[in-house]
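Subject: Handing over a structure, with notes on what was found

Dear colleague,

I am passing this structure on to you, and I would be grateful if you could look through it with the notes below at hand.

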Amino acid sequence: MNFSFNLDGLAAFEKSLKDMEKDFKRNAQAGMVEYSTLAEEGSKSLAPRDSGDLETSIQSQPVAWKGDVIEGSVGSNLSYALRRHEAPERLEERDKYDNGIREADYYKDGKGRRTRQKATWRGQMPGRKYIERAVVATEEEFEQIMAEALEKTLGGN
(Lines give C-alpha, C1' and ligand atoms only; values in the text may rest on other atoms or scores of the structure.)
Protein backbone atom coordinates (compact mmCIF):
# COMPACT_ATOMS: atom_id res chain seq x y z
CA MET A 1 0.00 0.00 0.00
CA ASN A 2 1.32 3.43 -1.00
CA PHE A 3 0.11 6.90 -0.33
CA SER A 4 1.23 9.63 -2.62
CA PHE A 5 1.24 13.28 -1.83
CA ASN A 6 1.44 16.25 -4.03
CA LEU A 7 1.52 19.92 -3.35
CA ASP A 8 0.31 22.21 -6.02
CA GLY A 9 -0.04 25.96 -6.00
CA LEU A 10 3.60 26.60 -5.12
CA ALA A 11 3.99 29.17 -7.88
CA ALA A 12 1.03 31.14 -6.51
CA PHE A 13 2.40 30.81 -2.97
CA GLU A 14 5.82 32.03 -4.08
CA LYS A 15 4.23 35.01 -5.86
CA SER A 16 2.23 35.78 -2.73
CA LEU A 17 5.44 35.84 -0.66
CA LYS A 18 7.14 38.16 -3.16
CA ASP A 19 4.13 40.48 -3.11
CA MET A 20 4.20 40.44 0.70
CA GLU A 21 7.86 41.51 0.66
CA LYS A 22 7.02 44.43 -1.64
CA ASP A 23 4.06 45.38 0.58
CA PHE A 24 6.21 45.24 3.71
CA LYS A 25 8.90 47.45 2.18
CA ARG A 26 6.27 49.98 1.11
CA ASN A 27 4.49 49.90 4.50
CA ALA A 28 7.74 50.07 6.50
CA GLN A 29 8.92 53.02 4.42
CA ALA A 30 5.63 54.86 5.00
CA GLY A 31 5.97 54.12 8.73
CA MET A 32 9.52 55.47 8.80
CA VAL A 33 8.39 58.65 7.06
CA GLU A 34 5.66 59.04 9.72
CA TYR A 35 8.17 58.43 12.51
CA SER A 36 10.77 60.79 11.00
CA THR A 37 8.17 63.55 10.99
CA LEU A 38 7.43 62.89 14.67
CA ALA A 39 11.15 62.88 15.58
CA GLU A 40 11.61 66.14 13.66
CA GLU A 41 8.71 67.74 15.51
CA GLY A 42 10.15 66.67 18.86
CA SER A 43 13.66 67.81 17.98
CA LYS A 44 12.42 71.24 16.97
CA SER A 45 10.33 71.51 20.13
CA LEU A 46 13.25 70.55 22.36
CA ALA A 47 15.92 72.61 20.55
CA PRO A 48 17.21 75.65 22.38
CA ARG A 49 15.98 78.93 20.94
CA ASP A 50 17.89 82.13 20.48
CA SER A 51 17.32 83.46 16.98
CA GLY A 52 15.19 80.47 15.96
CA ASP A 53 17.63 79.45 13.23
CA LEU A 54 18.46 76.13 14.89
CA GLU A 55 14.81 75.07 15.13
CA THR A 56 14.17 76.08 11.54
CA SER A 57 17.20 74.17 10.30
CA ILE A 58 16.15 70.82 11.81
CA GLN A 59 14.86 68.58 9.04
CA SER A 60 14.13 64.91 8.54
CA GLN A 61 15.91 63.47 5.54
CA PRO A 62 14.23 61.27 2.95
CA VAL A 63 13.71 57.69 4.10
CA ALA A 64 15.40 55.09 1.91
CA TRP A 65 16.15 51.40 1.75
CA LYS A 66 19.86 50.54 1.69
CA GLY A 67 19.98 46.83 1.05
CA ASP A 68 17.91 45.19 3.77
CA VAL A 69 18.02 48.24 6.03
CA ILE A 70 15.62 51.17 5.99
CA GLU A 71 17.13 54.46 7.11
CA GLY A 72 15.78 57.80 8.12
CA SER A 73 17.50 60.66 9.90
CA VAL A 74 16.82 63.97 11.56
CA GLY A 75 19.41 66.69 11.89
CA SER A 76 20.60 70.19 11.15
CA ASN A 77 23.08 71.56 8.65
CA LEU A 78 24.13 74.44 10.91
CA SER A 79 27.75 74.39 12.01
CA TYR A 80 26.86 75.00 15.66
CA ALA A 81 24.03 72.43 15.89
CA LEU A 82 26.30 69.66 17.16
CA ARG A 83 27.88 71.98 19.74
CA ARG A 84 24.43 73.04 21.01
CA HIS A 85 23.41 69.38 21.18
CA GLU A 86 26.51 68.07 22.96
CA ALA A 87 27.99 70.92 24.99
CA PRO A 88 27.55 70.66 28.75
CA GLU A 89 25.15 73.19 30.21
CA ARG A 90 26.74 76.17 31.86
CA LEU A 91 24.53 76.61 34.89
CA GLU A 92 25.84 79.97 36.06
CA GLU A 93 23.90 83.14 35.35
CA ARG A 94 25.56 85.20 32.68
CA ASP A 95 24.96 88.01 30.25
CA LYS A 96 24.46 87.74 26.53
CA TYR A 97 26.28 89.97 24.09
CA ASP A 98 24.75 90.28 20.65
CA ASN A 99 26.11 92.78 18.14
CA GLY A 100 27.67 94.77 20.96
CA ILE A 101 24.44 94.92 22.96
CA ARG A 102 24.48 93.46 26.46
CA GLU A 103 21.47 91.63 27.82
CA ALA A 104 21.99 91.19 31.55
CA ASP A 105 21.28 87.79 33.13
CA TYR A 106 20.10 86.36 29.81
CA TYR A 107 21.34 82.84 30.63
CA LYS A 108 20.09 81.05 33.75
CA ASP A 109 20.25 77.39 34.66
CA GLY A 110 22.01 76.63 31.39
CA LYS A 111 19.29 78.12 29.18
CA GLY A 112 18.79 81.45 27.47
CA ARG A 113 15.69 83.57 28.04
CA ARG A 114 13.98 82.54 24.78
CA THR A 115 14.64 78.85 25.45
CA ARG A 116 13.15 79.16 28.94
CA GLN A 117 10.03 80.74 27.40
CA LYS A 118 9.38 77.77 25.10
CA ALA A 119 6.69 75.29 26.03
CA THR A 120 7.63 71.85 27.26
CA TRP A 121 7.30 68.89 24.92
CA ARG A 122 6.10 65.65 26.49
CA GLY A 123 7.05 67.03 29.88
CA GLN A 124 10.59 67.97 28.86
CA MET A 125 12.13 71.41 28.78
CA PRO A 126 13.97 72.53 25.64
CA GLY A 127 17.75 72.51 25.82
CA ARG A 128 20.72 70.26 25.19
CA LYS A 129 20.50 66.78 23.63
CA TYR A 130 17.35 67.88 21.81
CA ILE A 131 17.46 65.26 19.03
CA GLU A 132 18.50 62.41 21.29
CA ARG A 133 15.77 63.24 23.82
CA ALA A 134 13.14 63.45 21.06
CA VAL A 135 14.09 59.99 19.81
CA VAL A 136 14.07 58.48 23.30
CA ALA A 137 10.71 60.13 24.07
CA THR A 138 9.15 58.60 20.95
CA GLU A 139 10.50 55.03 21.20
CA GLU A 140 7.07 53.59 21.95
CA GLU A 141 5.56 55.38 18.95
CA PHE A 142 8.33 53.99 16.75
CA GLU A 143 7.55 50.46 17.89
CA GLN A 144 3.81 51.03 17.39
CA ILE A 145 4.26 52.51 13.91
CA MET A 146 6.47 49.60 12.81
CA ALA A 147 4.03 47.06 14.31
CA GLU A 148 1.22 48.70 12.32
CA ALA A 149 3.32 48.44 9.14
CA LEU A 150 3.74 44.71 9.76
CA GLU A 151 0.05 44.25 10.60
CA LYS A 152 -0.92 46.09 7.46
CA THR A 153 1.36 43.82 5.44
CA LEU A 154 0.06 40.63 6.99
CA GLY A 155 -3.51 41.85 6.62
CA GLY A 156 -2.98 42.25 2.90
CA ASN A 157 -3.32 46.03 2.72
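A natural place to begin is strand β5, where K111 is the bridge partner of K108. Please keep in mind throughout that this is a predicted model.

The sheet around β5

The strand that β5 pairs with here is β4, which covers residues 101–108, and the two run antiparallel and are joined by two bridges. Both belong to an open sheet of three strands, in which the order is β3-β4-β5 and the pairing is antiparallel. The edges of this sheet are formed by β3 (94–98) and β5 (111–112), each of which pairs on one side only. As general background, the strands of a sheet pair through backbone hydrogen bonds, and they may do so in parallel or antiparallel fashion.

The two loops of this sheet each hold a residue whose backbone deserves a look. In the loop between β3 and β4 you will find N99, which has a phi near 55 degrees, a positive value in a residue other than glycine. N99 has 77% relative accessibility and therefore counts as exposed, since the cut-off for that is over 50%. In the loop between β4 and β5 sits D109, where phi is again positive, near 55 degrees, in a residue that is not glycine. D109 also counts as exposed, because its relative accessibility is 58%.

The hairpin of β1 and β2

Elsewhere in the chain, strand β1 (residues 59–66) and strand β2 (residues 69–75) run antiparallel and are joined by six bridges. One of the pairs involved is Q59 with its bridge partner G75 in β2. Two residues lie between β1 and β2 in this hairpin, and G67, in the turn, has a positive phi of about 70 degrees.

How the helices pack

Helix α1, which spans residues 10–46, packs against helix α6, which spans residues 139–154, at an angle of about 155 degrees and with 8 Å between the axes. The two helices are therefore roughly antiparallel to each other, and their crossing is right-handed. On the α1 side the contact involves M20, D23, F24, N27, A28, G31, M32, E34, Y35 and L38, while on the α6 side E141, F142, I145, M146, A149, L150, K152, T153 and L154 take part.

What, then, is the angle at which α1 and α5 pack? It is about 130 degrees, with the axes 8 Å apart, and that makes α1 oblique to α5. This crossing, too, is right-handed. Here Y35, A39, G42, S43 and L46 of α1 meet Y130, I131, R133, A134 and V135 of α5.

The nonpolar cores

Which residues make up the largest nonpolar core? There are nine of them, namely L46, A47, L54, I58, A81, W121, Y130, I131 and A134. Helix α5 (residues 130–137) supplies the largest share of this core, three residues. There is also a second, separate core of eight residues, among them L38, V63, I70 and I145.

L46 is worth following individually, being a member of the largest core as well as one of the α1 residues that meet α5. Leaving aside residues up to four places away in sequence, L46 touches K118, W121, Q124, M125, P126, G127, Y130, R133 and A134.

A buried residue and an exposed one

Is T115, which has its place in helix α4 (residues 113–117), buried or exposed? With 4% relative accessibility T115 counts as buried, because the cut-off for that is under 20%. Apart from residues up to four places away in sequence, T115 touches P48, R49, P126 and G127.

F5, by contrast, lies in the segment before α1, and its relative accessibility of 75% is why it counts as exposed. If you set F5 against G112, the two are 107 residues apart in sequence, and the distance between their C-alpha atoms is 76 Å.

With best wishes

Note on methods
Residues numbered from 1 in each chain as written. Predicted model: local features only at pLDDT ≥ 70, side-chain atom pairs only at ≥ 80, totals over all residues. Heavy atoms only, no water. Pairing = 2+ DSSP bridges. Helix = DSSP H or I, 4+ residues; strand = E, 2+ residues; numbered from the N terminus. Core = buried A, V, L, I, M, F, W, Y, C linked by side-chain atoms within 4.5 Å. Buried < 20%, exposed > 50% of the residue type's maximum accessible area, 1.4 Å probe, protein only. Contact = heavy atoms within 4.5 Å. Axes fitted to C-alpha atoms, helices over the stretch in contact; angles between N-to-C directions. Parallel < 35°, antiparallel > 145°, perpendicular 65-115°, else oblique. Left-handed = near helix turned anticlockwise from the far one by under 90°.
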